Amino acid sequence: MIKKLAVLFLSVASLSAMAQDAPEPLKSKRGELILPQTGEWGLGIDATPFLEYFGNFFHGEDYNNAPSFNSPDNLALIGKYMKDNNTAYRVRFALNRSSETGKNLVFDDSNEDPEPKYVEDKVVASEINVLLGAGLEKRRGNGRLQGIYGAEVAIGISSAKNKYDYGNSFDEDDNGNNPTFTVWDGVFADFVTNDSERVTEEKSGTQFGFGVNGFIGVEYFIAPKISLGGEVGYGINLRTNPKGETSVQYFDFVDDELETETTESYNSTGSFDIGTNTFGSINLIFYF
(Lines give C-alpha, C1' and ligand atoms only; values in the text may rest on other atoms or scores of the structure.)
Protein backbone atom coordinates (compact mmCIF):
# COMPACT_ATOMS: atom_id res chain seq x y z
CA MET A 1 0.00 0.00 0.00
CA ILE A 2 2.82 2.40 0.90
CA LYS A 3 4.55 1.64 -2.43
CA LYS A 4 1.34 2.45 -4.34
CA LEU A 5 0.94 5.76 -2.49
CA ALA A 6 4.57 6.63 -3.20
CA VAL A 7 4.12 5.95 -6.94
CA LEU A 8 0.92 8.00 -7.01
CA PHE A 9 2.63 10.87 -5.17
CA LEU A 10 5.58 10.87 -7.61
CA SER A 11 3.21 10.85 -10.59
CA VAL A 12 1.23 13.80 -9.27
CA ALA A 13 4.46 15.64 -8.46
CA SER A 14 5.80 15.05 -11.99
CA LEU A 15 2.62 16.31 -13.63
CA SER A 16 2.64 19.35 -11.35
CA ALA A 17 6.26 20.13 -12.28
CA MET A 18 5.50 19.78 -15.98
CA ALA A 19 2.52 22.11 -15.65
CA GLN A 20 4.68 24.66 -13.87
CA ASP A 21 7.39 24.45 -16.58
CA ALA A 22 4.94 24.89 -19.49
CA PRO A 23 4.91 28.56 -20.51
CA GLU A 24 1.70 30.51 -20.34
CA PRO A 25 0.18 31.29 -23.77
CA LEU A 26 1.13 34.77 -24.94
CA LYS A 27 -1.83 37.13 -24.66
CA SER A 28 -2.57 40.76 -25.42
CA LYS A 29 -3.67 43.26 -22.76
CA ARG A 30 -7.25 42.41 -23.69
CA GLY A 31 -6.61 38.72 -23.07
CA GLU A 32 -6.51 37.67 -26.74
CA LEU A 33 -4.14 34.89 -27.80
CA ILE A 34 -1.39 36.37 -29.97
CA LEU A 35 0.24 33.27 -31.49
CA PRO A 36 -1.55 30.77 -33.79
CA GLN A 37 -2.84 27.61 -32.13
CA THR A 38 -3.23 23.99 -33.20
CA GLY A 39 -5.93 23.56 -35.86
CA GLU A 40 -5.96 27.20 -37.00
CA TRP A 41 -5.51 28.41 -40.56
CA GLY A 42 -3.33 31.18 -41.90
CA LEU A 43 -3.82 33.24 -45.05
CA GLY A 44 -1.28 35.76 -46.31
CA ILE A 45 0.10 37.77 -49.21
CA ASP A 46 3.29 39.56 -50.17
CA ALA A 47 3.04 42.84 -48.25
CA THR A 48 5.51 44.84 -50.37
CA PRO A 49 2.96 46.88 -52.42
CA PHE A 50 1.08 47.83 -49.25
CA LEU A 51 4.21 48.86 -47.34
CA GLU A 52 5.41 50.93 -50.31
CA TYR A 53 2.04 52.69 -50.41
CA PHE A 54 2.08 53.64 -46.72
CA GLY A 55 5.76 54.57 -46.90
CA ASN A 56 5.11 56.94 -49.78
CA PHE A 57 2.77 58.98 -47.58
CA PHE A 58 5.93 60.75 -46.41
CA HIS A 59 6.77 61.85 -49.99
CA GLY A 60 4.53 64.87 -50.27
CA GLU A 61 5.13 65.46 -53.97
CA ASP A 62 4.40 61.89 -55.07
CA TYR A 63 1.03 60.51 -56.10
CA ASN A 64 0.37 57.15 -54.44
CA ASN A 65 -1.90 54.63 -56.14
CA ALA A 66 -3.58 52.43 -53.58
CA PRO A 67 -2.40 48.80 -53.84
CA SER A 68 -4.92 46.08 -54.64
CA PHE A 69 -5.11 42.33 -55.09
CA ASN A 70 -4.86 42.79 -58.86
CA SER A 71 -1.67 44.80 -58.45
CA PRO A 72 0.89 44.44 -61.25
CA ASP A 73 3.32 43.25 -58.61
CA ASN A 74 3.11 39.47 -58.87
CA LEU A 75 1.24 38.75 -55.68
CA ALA A 76 1.36 35.22 -54.26
CA LEU A 77 -1.21 33.87 -51.80
CA ILE A 78 0.16 31.93 -48.82
CA GLY A 79 -1.92 29.36 -46.95
CA LYS A 80 -1.04 27.57 -43.72
CA TYR A 81 -2.59 24.93 -41.47
CA MET A 82 -1.25 24.62 -37.91
CA LYS A 83 -0.69 20.90 -37.30
CA ASP A 84 0.38 21.87 -33.78
CA ASN A 85 1.61 25.06 -32.14
CA ASN A 86 5.09 24.61 -33.62
CA THR A 87 4.37 22.91 -36.99
CA ALA A 88 2.45 24.05 -40.04
CA TYR A 89 1.64 22.67 -43.48
CA ARG A 90 1.82 25.43 -46.05
CA VAL A 91 0.97 26.12 -49.68
CA ARG A 92 1.86 29.00 -51.98
CA PHE A 93 -0.21 29.95 -55.03
CA ALA A 94 -0.04 32.69 -57.63
CA LEU A 95 -1.98 33.22 -60.84
CA ASN A 96 -0.93 36.52 -62.39
CA ARG A 97 -2.09 37.65 -65.80
CA SER A 98 -1.15 40.97 -67.36
CA SER A 99 -2.08 42.68 -70.61
CA GLU A 100 -0.75 45.91 -72.12
CA THR A 101 -1.99 47.65 -75.28
CA GLY A 102 -0.12 49.99 -77.60
CA LYS A 103 -1.77 52.08 -80.32
CA ASN A 104 -0.40 54.22 -83.14
CA LEU A 105 -2.00 56.21 -85.96
CA VAL A 106 -0.64 55.88 -89.52
CA PHE A 107 -1.75 57.33 -92.84
CA ASP A 108 -4.75 55.67 -94.45
CA ASP A 109 -3.41 54.25 -97.71
CA SER A 110 -6.89 54.06 -99.24
CA ASN A 111 -7.59 57.78 -98.73
CA GLU A 112 -7.85 59.76 -102.02
CA ASP A 113 -8.90 63.09 -100.49
CA PRO A 114 -6.45 65.99 -100.12
CA GLU A 115 -7.16 66.02 -96.39
CA PRO A 116 -5.09 63.25 -94.71
CA LYS A 117 -6.89 60.47 -92.91
CA TYR A 118 -5.51 57.97 -90.43
CA VAL A 119 -6.04 54.38 -89.36
CA GLU A 120 -4.96 52.69 -86.17
CA ASP A 121 -2.31 50.02 -85.65
CA LYS A 122 -2.48 48.13 -82.36
CA VAL A 123 -0.44 45.62 -80.37
CA VAL A 124 -1.65 43.65 -77.33
CA ALA A 125 1.11 42.15 -75.17
CA SER A 126 -0.11 39.57 -72.67
CA GLU A 127 1.63 37.37 -70.14
CA ILE A 128 0.54 34.70 -67.66
CA ASN A 129 2.46 33.26 -64.70
CA VAL A 130 1.38 30.40 -62.43
CA LEU A 131 3.14 29.32 -59.23
CA LEU A 132 2.25 26.42 -56.94
CA GLY A 133 4.27 25.38 -53.90
CA ALA A 134 3.81 23.12 -50.86
CA GLY A 135 5.96 22.52 -47.81
CA LEU A 136 6.38 21.90 -44.10
CA GLU A 137 7.19 24.71 -41.66
CA LYS A 138 8.58 24.50 -38.12
CA ARG A 139 8.75 27.42 -35.68
CA ARG A 140 10.57 28.29 -32.46
CA GLY A 141 9.95 30.92 -29.83
CA ASN A 142 7.25 31.82 -27.32
CA GLY A 143 7.22 35.59 -27.81
CA ARG A 144 5.96 37.79 -30.63
CA LEU A 145 9.14 37.11 -32.62
CA GLN A 146 9.09 33.57 -34.04
CA GLY A 147 11.86 31.83 -35.95
CA ILE A 148 10.64 29.69 -38.86
CA TYR A 149 12.38 27.04 -40.96
CA GLY A 150 11.47 24.12 -43.18
CA ALA A 151 11.35 22.86 -46.77
CA GLU A 152 9.21 23.60 -49.81
CA VAL A 153 8.67 22.20 -53.31
CA ALA A 154 7.46 24.60 -56.03
CA ILE A 155 6.57 24.49 -59.71
CA GLY A 156 5.99 27.44 -62.04
CA ILE A 157 4.64 27.94 -65.57
CA SER A 158 4.71 31.11 -67.66
CA SER A 159 4.07 32.20 -71.24
CA ALA A 160 3.80 35.45 -73.22
CA LYS A 161 2.24 36.57 -76.50
CA ASN A 162 2.19 39.72 -78.66
CA LYS A 163 -0.73 40.13 -81.07
CA TYR A 164 -0.51 42.80 -83.83
CA ASP A 165 -3.39 44.35 -85.80
CA TYR A 166 -2.93 46.84 -88.62
CA GLY A 167 -5.25 49.50 -90.02
CA ASN A 168 -3.98 49.18 -93.60
CA SER A 169 -4.39 45.80 -95.24
CA PHE A 170 -2.68 44.27 -98.26
CA ASP A 171 -4.99 45.28 -101.10
CA GLU A 172 -4.10 45.56 -104.77
CA ASP A 173 -6.84 48.10 -105.45
CA ASP A 174 -6.34 50.52 -102.54
CA ASN A 175 -3.41 49.91 -100.20
CA GLY A 176 -1.12 48.17 -102.65
CA ASN A 177 1.35 45.41 -101.85
CA ASN A 178 3.44 47.61 -99.55
CA PRO A 179 1.01 49.06 -97.00
CA THR A 180 1.94 51.64 -94.38
CA PHE A 181 2.24 50.13 -90.90
CA THR A 182 3.92 50.49 -87.51
CA VAL A 183 7.01 48.57 -86.48
CA TRP A 184 6.72 48.02 -82.73
CA ASP A 185 9.29 48.07 -79.95
CA GLY A 186 7.40 46.18 -77.28
CA VAL A 187 4.13 48.11 -76.93
CA PHE A 188 5.69 51.37 -78.15
CA ALA A 189 5.72 52.58 -81.75
CA ASP A 190 9.29 52.39 -83.01
CA PHE A 191 8.91 53.67 -86.58
CA VAL A 192 6.54 53.53 -89.57
CA THR A 193 7.43 51.82 -92.81
CA ASN A 194 6.04 50.64 -96.16
CA ASP A 195 6.86 47.01 -96.75
CA SER A 196 5.52 43.76 -98.16
CA GLU A 197 6.11 41.86 -94.89
CA ARG A 198 5.03 42.41 -91.24
CA VAL A 199 4.74 40.45 -87.99
CA THR A 200 1.22 39.52 -86.87
CA GLU A 201 1.92 37.39 -83.77
CA GLU A 202 4.78 36.41 -81.46
CA LYS A 203 4.57 33.62 -78.87
CA SER A 204 7.11 32.55 -76.31
CA GLY A 205 7.39 28.88 -75.51
CA THR A 206 5.68 27.77 -72.31
CA GLN A 207 8.40 28.08 -69.69
CA PHE A 208 8.49 25.54 -66.86
CA GLY A 209 10.31 25.77 -63.54
CA PHE A 210 10.80 23.36 -60.64
CA GLY A 211 12.52 23.91 -57.33
CA VAL A 212 13.23 22.15 -54.02
CA ASN A 213 14.28 24.60 -51.32
CA GLY A 214 14.99 24.74 -47.64
CA PHE A 215 14.08 28.05 -46.01
CA ILE A 216 14.69 30.01 -42.84
CA GLY A 217 13.20 33.29 -41.66
CA VAL A 218 11.31 35.18 -39.00
CA GLU A 219 7.71 36.09 -38.29
CA TYR A 220 6.79 38.95 -35.95
CA PHE A 221 3.24 39.26 -34.58
CA ILE A 222 2.28 42.92 -34.78
CA ALA A 223 -1.18 42.15 -33.35
CA PRO A 224 -3.08 39.07 -32.17
CA LYS A 225 -2.99 36.49 -35.02
CA ILE A 226 -1.46 39.04 -37.48
CA SER A 227 2.19 38.78 -38.46
CA LEU A 228 4.83 40.27 -40.76
CA GLY A 229 7.63 37.95 -41.84
CA GLY A 230 10.34 37.29 -44.37
CA GLU A 231 12.44 34.31 -45.35
CA VAL A 232 15.37 33.21 -47.49
CA GLY A 233 15.76 29.83 -49.16
CA TYR A 234 18.58 27.63 -50.41
CA GLY A 235 17.97 24.84 -52.87
CA ILE A 236 17.94 23.37 -56.36
CA ASN A 237 16.07 25.07 -59.20
CA LEU A 238 15.47 23.95 -62.79
CA ARG A 239 14.10 26.12 -65.59
CA THR A 240 13.29 25.41 -69.24
CA ASN A 241 12.64 27.89 -72.05
CA PRO A 242 11.20 26.07 -75.10
CA LYS A 243 11.13 27.38 -78.66
CA GLY A 244 8.79 30.25 -79.44
CA GLU A 245 6.85 31.08 -82.62
CA THR A 246 6.64 34.13 -84.87
CA SER A 247 3.92 34.58 -87.52
CA VAL A 248 4.68 36.87 -90.46
CA GLN A 249 2.22 38.17 -93.05
CA TYR A 250 3.64 38.93 -96.48
CA PHE A 251 2.63 39.43 -100.09
CA ASP A 252 3.80 36.70 -102.47
CA PHE A 253 4.60 38.49 -105.72
CA VAL A 254 5.08 35.18 -107.58
CA ASP A 255 1.62 33.82 -106.81
CA ASP A 256 0.17 37.32 -106.47
CA GLU A 257 -1.53 36.60 -103.13
CA LEU A 258 -1.24 37.24 -99.39
CA GLU A 259 0.52 34.57 -97.32
CA THR A 260 1.14 33.92 -93.61
CA GLU A 261 4.17 31.96 -92.44
CA THR A 262 4.92 30.75 -88.90
CA THR A 263 8.46 29.89 -87.84
CA GLU A 264 9.99 28.59 -84.61
CA SER A 265 12.89 30.21 -82.81
CA TYR A 266 16.22 28.53 -83.50
CA ASN A 267 16.78 26.84 -80.18
CA SER A 268 15.43 26.23 -76.71
CA THR A 269 17.31 26.88 -73.48
CA GLY A 270 17.31 25.61 -69.93
CA SER A 271 19.10 26.36 -66.68
CA PHE A 272 20.03 24.58 -63.46
CA ASP A 273 21.26 26.30 -60.35
CA ILE A 274 21.89 25.69 -56.68
CA GLY A 275 21.97 28.66 -54.35
CA THR A 276 20.10 31.17 -52.24
CA ASN A 277 16.89 32.78 -53.37
CA THR A 278 14.12 34.91 -51.92
CA PHE A 279 10.52 33.69 -51.95
CA GLY A 280 9.07 37.19 -51.81
CA SER A 281 9.75 40.30 -49.84
CA ILE A 282 7.70 40.68 -46.66
CA ASN A 283 4.71 38.45 -45.99
CA LEU A 284 1.59 39.66 -44.20
CA ILE A 285 -0.29 36.71 -42.67
CA PHE A 286 -3.62 36.49 -40.82
CA TYR A 287 -4.50 33.49 -38.64
CA PHE A 288 -8.02 32.43 -37.72
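Both glutamate 231 and arginine 90 are buried, and in this predicted model the two residues form a salt bridge in which the closest N and O atoms are 2.6 Å apart. Glutamate 231 belongs to strand 10 and arginine 90 to strand 3 (residues 87-107), so the pair ties together parts of the chain that are 141 residues apart in sequence. As a general point, side chains of opposite charge can pair when their charged atoms come close.

Two further bridges also link distant parts of the chain. Glutamate 137 and lysine 80 meet through their side chains in a salt bridge of 2.9 Å, N to O; glutamate 137 is in strand 4 (residues 118-140) and lysine 80 in strand 2 (residues 77-84), with their positions 57 residues apart in sequence. Glutamate 137 has a relative accessible area of 1% and is therefore buried, and lysine 80, at 4% relative accessibility, counts as buried too. Arginine 139 forms a salt bridge with glutamate 219, with the closest N and O atoms 3.0 Å apart, and this pair joins strand 4, which holds arginine 139, to strand 9, which holds glutamate 219, across 80 residues of sequence. The relative accessibility of arginine 139 is 5%, so this residue counts as buried.

The three pairs are set side by side below.

| Salt bridge | Closest N to O distance |
|---|---|
| Glutamate 231 and arginine 90 | 2.6 Å |
| Glutamate 137 and lysine 80 | 2.9 Å |
| Arginine 139 and glutamate 219 | 3.0 Å |

The residues of these pairs belong to a network of salt bridges that links Lys80, Arg90, Arg92, Glu137, Arg139, Glu152, Glu219 and Glu231. The count of salt bridges comes to 12.

Glutamate 219 deserves a separate description. This residue, found in strand 9, is buried, with a relative accessible area of 1%. Besides its salt bridge with arginine 139, the side chain of glutamate 219 makes a polar contact of 3.4 Å with the side chain of lysine 80. When neighbours within four places in sequence are left aside, the residues in contact with glutamate 219 include Lys80, Glu137 and Arg139, together with Leu145, Ile148, Leu228, Ile285 and Tyr287.

Strand 9 (207-223) is followed by a loop that leads to strand 10 (226-241), and lysine 225 is found in that loop. The backbone of lysine 225 has a positive phi of about 65°, although the residue is not a glycine. Lysine 225 is also buried, since its relative accessible area is 14%, which falls under the 20% cut-off for that class.

A positive phi is found in a hairpin as well. Strand 6 (residues 180-185) and strand 7 (residues 188-194) pair in the antiparallel sense over six bridges, and threonine 182 has valine 192 in strand 7 as its bridge partner. Two residues lie between the strands of this hairpin, and glycine 186 in the turn has a positive phi of about 70°.

Over the whole protein chain, the secondary structure comes to two helices and 14 strands. Of its 288 residues, 31% count as buried, and the chain exposes about 18400 Å², of which carbon and sulfur atoms supply 56%. Among contacts between residues at least 6 apart in sequence, 68% join residues at least 24 apart.

Terms used
Residues numbered from 1 in each chain as written. Heavy atoms only, no water. Helix = DSSP H or I, 4+ residues; strand = E, 2+ residues; numbered from the N terminus. Buried < 20%, exposed > 50% of the residue type's maximum accessible area, 1.4 Å probe, protein only. Salt bridge = Lys/Arg side-chain N within 4 Å of Asp/Glu carboxyl O. Polar contact = N/O pair within 3.5 Å; in protein donor to acceptor, adjacent residues only side chain to side chain. Contact = heavy atoms within 4.5 Å. Pairing = 2+ DSSP bridges. Areas by Shrake-Rupley, 256 points an atom, 1.4 Å probe, with all protein chains shown as cover.
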